[in-house]
Amino acid sequence: MPGGSHAITARRGKSLEKAFEYPAGCGQSWRMKGSLFIVGWLAATAVFAADSSSIYHPGWIDFNKDGKKNVYEDPSQPADKRARDLLKRMTVDEKIGQLWQVDLPRALEPQAAARLRNGEVGSYLGSDATLETPVVRNQLQHVAVEQSRLGIPVILGHDVIHGFRTVFPIPLGQACAWEPGLFERTGAMAAREAAAVGIDWTFAPMVDLARDPRWGRIAESFGEDPWLGALDGAASVRGFQGTNVQAAGRVVACVKHYVGYGAAEGGRDYNTTEISEYTLRNFYLPQFKAAVDAGVLTVMSSFNCLSGVPASGNRHTLTDILRGEWKFGGFVVSDYQAVAELVDHGVAANDAEAARLALTAGVDMEMVSRTYHDTLKQQIEQGLIPQGVLDKAVRRVLTVKFQKGLFDRPYADESVYPTAFLRPDALALAREAAANSCVLLKDEDRVLPLAAGGKRIVLLGPLAEAAQELVGPWHSRAHTNDLISLADAMREQLGARVKLAVARGCAVFEPGVIKVPRDITSFSPLRGSPSGANEIPEAVALAKTADVVVLALGEPLDWSGEDGSRSDLGLPGLQEQLFDAVAATGKPVVVVLFNGRPLAITQLQQKAAAILDAWFPGTQGANGVADVLFGRVEPSGRLTATFPRSVGQVPFYYDHFNTGRPGFGEYKGNYVDIPTVPLYPFGYGLAYTTFEFGGVQLATNALSLHGTLTARAEIKNTGTRAGTAVAELYLRALATTAGSRPVRELKGFQKVRLQPGEARRVSFELPAHQLGYYDAAGHWLVEPGRYQVWISQDSAAGDPAAFALRQ
Ligand code: BGC
């Protein structure tokens, strides 16, 4: 890995590719064959009719090869009618086959072909280099369509989380842009690239509420706020699916992980969660509900045990709430082997019980483990599972396949992919998203933005040249040679006449750290090269020659994401030592952080001149960050997850309850060794200018239950540069009957761009209906009583105005 401090580990094939290549033997001939597709699917199907069989007719495909256009083969019929018709024709074995997702084979292997012929597989999970082109996927699809009895196409899923070949910032970063529309745009772009290789379905968005930065998957989350998370999640669904999921370049979305997965005890991935029904309803479920309302076609059931009942065998959440209350009509897929894991959870004695529990709870498709495949038939024959339960699950899966258009266009157009990746519009969006994800945490004495000429800038730190770290944990099909480092991006902005001096200073982490202690006798030390003995002194010597030092620090990319939990929230390895040594030179130090989670960085907060959190910014991340550093783009991000002072404070989130003993005196439950307040609160972020927020003015202080609250505040740009203020509207209900309410909860925001000296009044309209909350039974309650409202720069700033809600 050029310039890398450690190898990128391949988890189920999630590794960076070195270069784009056509697979052996699938080069020109496939591309020529693929070019036939551009004349439209009718003509293309005629090609295959000539090639393989006579099932391809103008306008329809004779999937069951009976020479007749049956209802399920008729594109003019509605999806649910086609699904019902097909279901009637299926054997029990074929039905069970539709409920099994297996790993995508790397080639058309005999065993894979045999399974398809038998109708044993309904879906593939793709995660490796096979996804560079649609070739293998199409070959497999041809077998499914042409050689199985009913010709049912498979649906190919893949984790397109924050981009495909063009990688966008991690979701936590994008969420900091406070711009749900960004998820719609990046989702659409990612779908376009993914669809080009025949991916039909993405396992995104992940809408799990994340209040604990030890949990590595906070990187994939939108942060700690359910209201903003719901907007981001719904926008992401719209981005992937579009208004017509059959259209070229769209993929089926899958909202995950249902539910409670982010509340893992100790922040350890897959760990138990204990969430009261009241908290579940108010904090963990709303984002899922919003995705369902936005039309998401699939839901993934999660790994965790939820308040004693594993989520993938949880009838209450999967059926009563999802189907009963929300009327979700798509299908549920389990997380990876989560059905078989019901045995490990101790709620099923064997695979058969696990399958029965999951299917009857509401898991329609099983990801990778084979309990459905191996046991359902016998259980149905024995009457242990009603046939109707199986049929319902199969119908749901088939309906989504029809909705996606798989029966009308089963093959990916192979003329598209060679030019589908890293297109200029995708790269421009990636750069914009990276810049807008940046959160300026500190900027003392206005050391930022940097001037491109004049002062001598020195770039230090383990992430200065480590381009491949910047793509973050779910980098999908990113290739190392697509990426640029911060050093290169800065060089480009500095121009050829300036020579940027760069030194690593230390490794991003020191090898030998135990990442996954499997048992007390064996552990897997992290791979990587240690810092050299002289690196810190070298870096310090270079720092002494500088007017300003940029120090690129952070985490290795796989210390967040799945199974990337940490027990410590400081900077890994020798980075804090490096920082201290460089700061001791007295030179202004601008820290650029690349990280997958909030970090406890009190040292940096005290001694750095500036801190810019860039998260893992993606393919164009370094350019986006350089745009902000040099002031081409104003920083406008705001945190969506609290930065703690110490790991001991977590879980730590702004929308906590008041407790019976709020405040800071004795016997108030504060820590004796550190302040109880966060390092940086939710909603926090600076600009290159300053803003003054005036007091909140309410149109009335007595609102009726059918009324709308109007809240206004004046915002003034008090600095010398233009900048974007984010006006954040928070609410507090002071007395409620079904449970406590948070000390503040976000209910709105507006981004306002202001010129120096300019003042503008922002105005929010909040219908009384939106002041409510859920009781434990899921009823939305809007209750008369006293309320407070803030319009502030962050969740800890400003003074509230009060009003009463009247009958
Ligand atoms: C993860 C999911 C992912 C799935 C398929 C699981 O281990 O928890 O988020 O979608 O694998 O890759």
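Here is a short chat about the ligand site, the largest pocket and the cysteines of a predicted model.

Visitor: Hi! What should I know about the numbers first?
Guide: The model is predicted, so local features need pLDDT of at least 70 and side-chain atom pairs count only at pLDDT 80 or more, while totals for chains, interfaces and linings use all residues. Residues are numbered from 1 along each chain as its sequence is written, and side-chain values use heavy atoms, with hydrogens and water left out.

Visitor: Which residues are closest to the ligand?
Guide: Asp 159, Arg 217, His 257, Asp 335 and Glu 562 are the closest of the 13 that surround the ligand (a heavy atom within 4 Å).

Visitor: How far is the side chain of Asp 159 from a ligand oxygen?
Guide: An N or O atom of that Asp 159 side chain sits 2.4 Å from a ligand oxygen. For His 257 the distance is 2.7 Å, and for a polar side-chain atom of Lys 256, 2.8 Å.

Visitor: And how much of the ligand's area does the protein cover?
Guide: The protein covers 99% of the 310 Å² that the ligand has accessible on its own (Shrake-Rupley method, 1.4 Å probe).

Visitor: New topic: how many disulfides are there?
Guide: Zero turn up in the whole structure; a disulfide would be a pair of cysteine sulfur atoms within 2.5 Å.

Visitor: Is Cys 506 buried or exposed?
Guide: Cys 506 is buried, because its relative accessible area is 0%. Buried means under 20% and exposed over 50%, with partly exposed in between (1.4 Å probe, protein chains only). Cys 305 counts as buried too, at 12%.

Notes
A polar contact is a pair of N or O atoms within 3.5 Å; within protein, one must be able to donate a hydrogen and the other to accept it, and residues adjacent in sequence count only if both atoms are side-chain atoms.
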